[in-house]
Amino acid sequence: MLAAADEPVQRPKDAKLLTVDSAGRVRHRLRSDFVDLLQPGDLLIANDAATLPASLAGVHLPTAAPVELRLAGRASLRPSDIHRFSAVVFGNGDWRSRTEDRPLPPLLSPGDQLALGPLSAKVEAILAHPRLIRLTFDASPDAIWAGLARHGRPIQYAHLSAPLAPWDSWTRIANLPAAFEPPSAGFVLDWRLLGALGARGVCFATLTHAAGISSTGDPALDARLPFDEPYVIPAATVAAIERAKEEGGCIIAIGTTVVRALEHAAAGGALCAGEGVATNRIGRDTPLRVADAIPSGVHEVGTSHFELLRAFAPDDIVQAADHALNLLRYRTHEFGDSVFLERFRPPLTELPSRPV
Amino acid sequence: MKHGNRPQRPLAGLRVAITGGTSGLGLALLNQFAEAGAAVAFIARDAERVARTAQELPGTHGFVGDVAKKDDIYPLATAIAGSLGGVDVLINNASDLGPVPLALLADTDCEDLERALATNLLGPFRLTKALLGALAASARIGRGAVVLNVSSDAAITPYPGWGAYGASKAGLHHLSRIWNEELSELGIRVLSRDPGDMDTPLHALAVPEADPASLRSPAESAQELISAIAEALPQPALLAGSTA
């Protein structure tokens, strides 16, 4: 059985780390040993998206019914491209209720007005599900930024013992507010650890990827996850990857969002710097062009995060890792334990001994 | 950026955040950065003054908030980094004088000292920490990153009557020096600069009888601070302008 981590502590002292090396060998370690897993010349890449306060409480004006909107998608990360979002809408309730138990919102129609604290928005379209809409905010970009920043709250989790504060949802390296839920694999990082990496000769680079909603509680919607996610990869990061590859270092992508962005940007062959929108799904049959290893949170079988791990190792190894996680009751979710999975490399077939 | 015969604009495209941006030194900094083509976000407590300043300087991004309030910091950091698309320079300028009129420490209410510390020391610490990821990202991609904390000679010299202000600025000055040591490896420079005695609302509160003609203009001090920031930035980033 996996257990849900219920305290919003980003770097619990007793955090566990399950490692699976490139030969498929499974080991239990402490996450504080993370730096020891990396070799000089390796390149660690993190998602430096800060987490938007993407949960907006408000009212559906045609019915006066209370609603909670969870912003879930955006076309790009440009500062002024902040008017249009896709969003998942819940009926009445708060963070204590599991999303599975949250009622549907009132019947939403294009043109409906939503009052969201200082912001007002219009429903533009229903996206083939009564909870999923596209909306437009009616204000200047600065007024939208100010309104979201003031009125929004981080998306909350019913499995936690208390509501998340904004600072709980930002990694230490949080840069551009872009993620809808925290890129939580990056919680492992703090400035001391980044210093230790440098001392060990491990390089560090980042990209910014709008990590989306991890779960909606609705099976039909969850089957559509992950939604499209815009990202930006700096030229300096592409250069660092090329340098590390040339020199034989491993590319270690912290979390599923980094893998998704890198593999999307490299889908055409060469890895491209700049903006993109990740529409790819990564799973068992996805060839990995960039990432050699992934440190990630502990995810349950069947979630899109878990399925992504199958790109790194064959089913029997992933299954063995899942069995080990369950046996030692690793903690799941944003503030839980971690896994470190290296891309499987089948052992070279032994050459027959030369006849004498 | 075009070169040709046009004078080079080394600050064009730089993403700058200024606290206390609607009066005195902050407003002078805002004017000069905006004039130089930088992308500037500023914050201040008074909504009306923020709106008016943003209107007078189109293209600047004004946000309402109080750096002394813990719960304002993340909303401000979100709005600043979101509207600018990142942060290269943070100027912690907003300051609180402590008791008005100035008082001997023995006559200073604890609440006045707490407010001065919250605005002048804790606020800059919290905002810098919240924006450190953005600053580090700028440094990583070669744009450079600078935090400038506005200090005072009262941070060094024990002027009687300036206890709350002087102690809070002394704390900020030392915080800046330690942070500069710790962050230099990341390519982030943290500066602490005394802008001198200026003809500003804060100085008028402190020394109402001062002759304005004997004081520096905020514009002159702003010019010096901007030069110090420009010197602390890597030159290639300046020449390249906006390269995000």
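In chain B of this predicted model, residues 24 or more positions apart account for 67% of the contacts with a separation of 6 or more. Buried residues, meanwhile, make up 50% of the 244 residues in the chain.

What are these residues arranged into? Chain B has eight helices and six strands. Walking along the sequence, the order comes out as β-α-β-α-β-α-β-α-β-α-β-α-α-α. How does the chain compare with a globular protein of that length? The radius of gyration of chain B is 17 Å, close to the 18 Å that the globule rule gives for 244 residues, so chain B is as compact as a globular protein of that length. As for overall dimensions, the C-alpha trace of chain B spans about 60 × 40 × 30 Å along its principal axes.

Now over to chain A. Here six strands make a closed barrel, running β6-β7-β8-β11-β10-β9, and the pairing is antiparallel. On average, neighbouring strands of this sheet are turned by 45° against each other, with direction ignored. Take one pair from the barrel as an example: strand β10 of chain A (residues 119–126) and strand β11 of chain A (residues 132–137) are joined by five bridges, in the antiparallel sense. Within this part of the sheet, A:K122 sits opposite A:T136 in β11(A).

A helix also comes into the picture. Helix α1 of chain A, made of residues 141–151, packs on the sheet. Which strands does this helix touch? The contacts of α1 in chain A are with β6 (55–60), β9 (113–116), β10 and β11. The direction of helix α1 makes about 100° with that of β10(A).

Note on methods:
Residues numbered from 1 in each chain as written. Chains lettered and ligands numbered in written order. Predicted model: local features only at pLDDT ≥ 70, side-chain atom pairs only at ≥ 80, totals over all residues. Pairing = 2+ DSSP bridges. Helix = DSSP H or I, 4+ residues; strand = E, 2+ residues; numbered from the N terminus. Axes fitted to C-alpha atoms, helices over the stretch in contact; angles between N-to-C directions. Contact = placed C-beta atoms within 7 Å. Rg over C-alpha atoms; globule rule 2.2 N^0.38 Å. Buried ≥ 20, exposed ≤ 12 C-beta atoms within 10 Å, placed from the backbone.
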